[in-house]
Amino acid sequence: MESQVMTNPEDISKLYRELSLFPSLTRADVGPVITSQYGGKYSNIYTEWSQRDLERNENVKFCRQYIVFHDDKSVVYSGPSGNCTEIKGELLSKDSPSGDMKAVVRESIIKGEDKQFLEIWSKNIKVKSINLTALKKHGKVYEDDQFGCLVWSHSETHLLYVAERKRLKAESFFQVWSSKHTHTPNGEQFVFYEDWGETLVSKSSPVLCVLDIEGSNVSVLEGVPDNISPGQAFWAPSDTGVVFVGWWHEPFRLGLKYSPNRRSSLFYVDLTGGQCEQLSSGSSAVCSPKLSPDQCRIIYLECAVYGPHQQCSRLCMYDWYTKRTSVVVDVVKRPREDGFAGIYSSSLSPLCWSADSQRILVSCPQGSRKDLLLVETTTGSVTSLTSKSPGGSWSLLTIERNLMVVSWSSPNCPPSLRVGFLPLGGSREEVDWVVLEDSQTQPDIDWQILNFTPPPEQDNSQYRKNIHSDSWTFSLYLLCLSLSGGPHSVIVADWLLSSSVLCRMGFAILLVNYRGSIGYGQDSISSLPGNVGTQDVKDVQFAVESVLRGGAFDEQKVAVAGGSHGGFVACHLIGQYPEFYKACVARNPVINLASMIGSTDIPDWCMVEAGYNYSTDCLPDPAVWEQMLNKSPIKHVKQVKKALLSLYHCFSDDKRVPPKQGIEYYRALKALQVPVRLLWYPGNNHSLSKVDAESDGFMNIALWMTQHLSL
Ligand SMILES: CSCC[C@H](NC=O)C(=O)N[C@@H](CO)C(=O)O
């Protein structure tokens, strides 16, 4: 077979540049309803997008507004109102509930120093600009999705946000102070502060902060227990206090990213007395509480503490007035006959309630697609609003007065912006989606979802039925295998830059969700811990061999790529099937569970995936370490030399999979004289997602594949 794959670096970079232009949607807000002088009703829709800018080497954020005329049930007319505007320096922003004001937390460099301001805008005037840094009431404002928030009180007189607790300037043992100076005791200069791990490295002790807008006064809320770190806060009904999620941080903090399984609870702190009340059990992990429009109920997600890092969640509801909690949707072990496979999400969209405060919208993976699910809170019934729509992935950006704003994309179509009204309760009507911002289907990319059932000898007796690995493939010429990470995460059928460029280059790609991936029921997730390095590896090999049996691909030109746990599986594959793969790419791969447990921000992951329970007081045990080593790719590294295999690694300033993991494998391969190339992307975290790291990584991957598959 003659290769039809693009191999020239200039052509590849041109293609990458072309496809990297498509922006992704990050946020949407629906403004108040306005009645025009002719009686028509309309709302403005504010959207934020993110786009790679290869010249400036950054992800730029921009906004665009749209106008939607409607009759509260359907969209009558819609269109953009004005062009895009780049957003600079805004860490957080939020319109007031009436839409009359806007609050912005802005970062600005003044005389070489970072300063943070809280601005209040009204009409076309910036009415307040409060220098938070100069006030010194707290440290930096939290802008992350984990803890961060910026919330207007219902009365629109106060703002709530989360910031790092104030730390007094620490000095050396040898600093001499005047008696008036306030400072920490000398010698505190190098004291270690724990953080919350990957992507949250400067976050240690969050505090809840309130700005009284009229008096420009910032206060740090008292009453939060000392052993709790608060975040995801909002105003309680009638502004009597604040509701928040509190994470226990004793005896030490563990990484939170992709790990919603940390002990946490809902709390309420009263503003007048400073009394703090625990609203949920305290023996589970909770996140993403959202107050209903009638301010009577709080919906939130709950899962077990420890165990698999991402699991099927329970959707729970707390009634503010009866103080009773109910489980609206429970954990789903196996996908139901109607296709519902459970809720897999660690965050509900900022607004997710229907106008009647009876229904909730959740977008989450259901197998290999991301669907929009409608949950009736009184009955717990779940229906998919999108399962009958064309394949692809649906993400809810917001819903306000039943007007849903969503992003839709598929493997051959970049994200588009759509709006539609939620049908009234009890109605079986389909949603009539209106496209506000379209995107072009890309030529030469074809895709499909394939389902595989593992052969009987690879079945897992404890979780026997209905477990299968799904995958989707671009039907082209040469096979490049790409693996999901986690292991409890999933690849859904949405737009992915690297896959689309590889496809347009002429590769076929098989993206495999092995058993253990989320979106297929809790049993599938539970089947993997204790079996990593075998079940996941065999699932992938079974999927690829099944595809090769179709005869469309050259068996001598198969490469494998994966990141994190996907890198773990990729390195296992080249050790366990040394003749099969001709090239391998591993991004921040887990290489040795036993050597990683002491240095990752989520040591519990190593224990759980090796098949053990975790507790914070478990200490090293040689038998456990032996098992961890036995399940790791490093165990099979000697076989790698038998294959004409080339390897490529990337690594970085990563708290999750420390770079030393990659080095361990690199040294072993060097010793075995296996061709290996190691790339180092300083300043990046686990995802290697900075624009230069991502684009340089992609080019290296593409060229490595073409070179080592002899194309
Ligand atoms: C101790 S590292 C565990 C692997 C990691 N799991 C959770 O963070 C992983 O595979 N991450 C995936 C996303 O889930 C990735 O692509 O980085």
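1. Start with helix 6 of this predicted model. Helix 6 is mostly covered: eleven of its twelve residues are buried. The buried ones are H565, G566, G567, F568, V569, A570, C571, H572, L573, I574 and G575. The helix covers residues 565-576 and reaches 16 Å from its first C-alpha to its last. That is close to the 16 Å expected at 1.5 Å a residue.

2. Now the core. The largest nonpolar core has 161 residues. Those with the most contacts inside this core are Y161, L208, V242, L481, V540, A559 and A570. Helix 6 gives the most to this core, with six residues. A570, named among the residues with the most contacts, is also one of the buried residues of helix 6.

3. Look next at L481, another of the residues with the most contacts in the core. Leaving out residues up to four places away in sequence, L481 touches L510, V512, V540, V544, V558, A559, V560 and A561. Two of these partners, V540 and V544, are buried residues of helix 5.

4. Helix 5 itself spans residues 535-549. Its 15 residues should cover 21 Å at 1.5 Å a residue, and the end C-alpha atoms are 21 Å apart, so the two values agree. Its buried residues are Q535, D536, V537, K538, D539, V540, Q541, A543, V544 and V547. G551 follows the helix, with a positive phi near 80 degrees.

5. Where does S632 lie? Its place is in the loop between helix 9 (622-630) and helix 10 (637-640). S632 counts as buried because 28 other C-beta atoms lie within 10 Å, and the cut-off for buried is 20 or more. Setting aside neighbours within four places in sequence, its contacts are G533, I591, N592, L593 and A594. S632 and I591 are 41 residues apart in sequence, yet their C-alpha atoms are 5.9 Å apart in space.

6. R336 is also in a loop, between strand 22 (325-329) and strand 23 (359-366). Is R336 buried or exposed? It counts as exposed, because it has 12 C-beta neighbours inside 10 Å and the cut-off for exposed is 12 or fewer. From R336 to Q116 there are 220 residues in sequence and 50 Å in space, C-alpha to C-alpha.

7. Turn to strand 28, residues 413-421. Strand 28 is mostly covered, with eight of its nine residues buried. It runs antiparallel to strand 27 (residues 403-410), and seven bridges join the two. A hairpin links strand 27 to strand 28 through two residues. S410 stands opposite C413 of strand 28. Strand 28 also runs antiparallel to strand 29 (residues 434-437), here with three bridges. In this pairing L417 stands opposite E437 of strand 29.

8. One open sheet has four strands in the order 11-12-13-14, with antiparallel pairing. Its edge strands are strand 11 (150-152) and strand 14 (217-220), each pairing on one side only. Neighbouring strands of this sheet are turned by 25 degrees against each other on average, direction ignored. Strand 13 (residues 206-212) and strand 14 are joined by four bridges. C209 stands opposite V220 in strand 14.

9. Another open sheet of four strands has the order 15-16-17-18, again with antiparallel pairing. Strand 15 (228-235) and strand 18 (276-278) stand at the edges with a single partner strand each, so one side of each has no neighbour in the sheet. On average, neighbouring strands of this sheet are turned by 30 degrees against each other, direction ignored. Strand 15 pairs with strand 16 (residues 241-248) over six bridges, in the antiparallel sense. I228 stands opposite W248 in strand 16.

10. Last, confidence. The protein chain averages a pLDDT of 92, and 94% of the residues score at least 70. Which stretch stays under 50? Residues 464-477 do, and for them the model has 63 contacts beyond four places in sequence. For the complex, the predictor gives an ipTM of 0.96 and a pTM of 0.94.

Methods:
Residues are numbered from 1 along each chain as its sequence is written. This is a predicted model: local features need pLDDT of at least 70, side-chain atom pairs count only at pLDDT 80 or more; totals for chains, interfaces and linings use all residues. Two strands pair if DSSP finds at least two bridges between them. The expected span of a helix is 1.5 Å times one less than its number of residues. A nonpolar core is a set of buried Ala, Val, Leu, Ile, Met, Phe, Trp, Tyr and Cys residues joined through C-beta atoms within 7 Å. Two residues are in contact if their C-beta atoms, placed from the backbone, lie within 7 Å. pLDDT is the predictor's confidence in each residue, from 0 to 100. Axes are lines fitted to C-alpha atoms, for helices over the stretch in contact, and angles run from 0 to 180 degrees between N-to-C directions.
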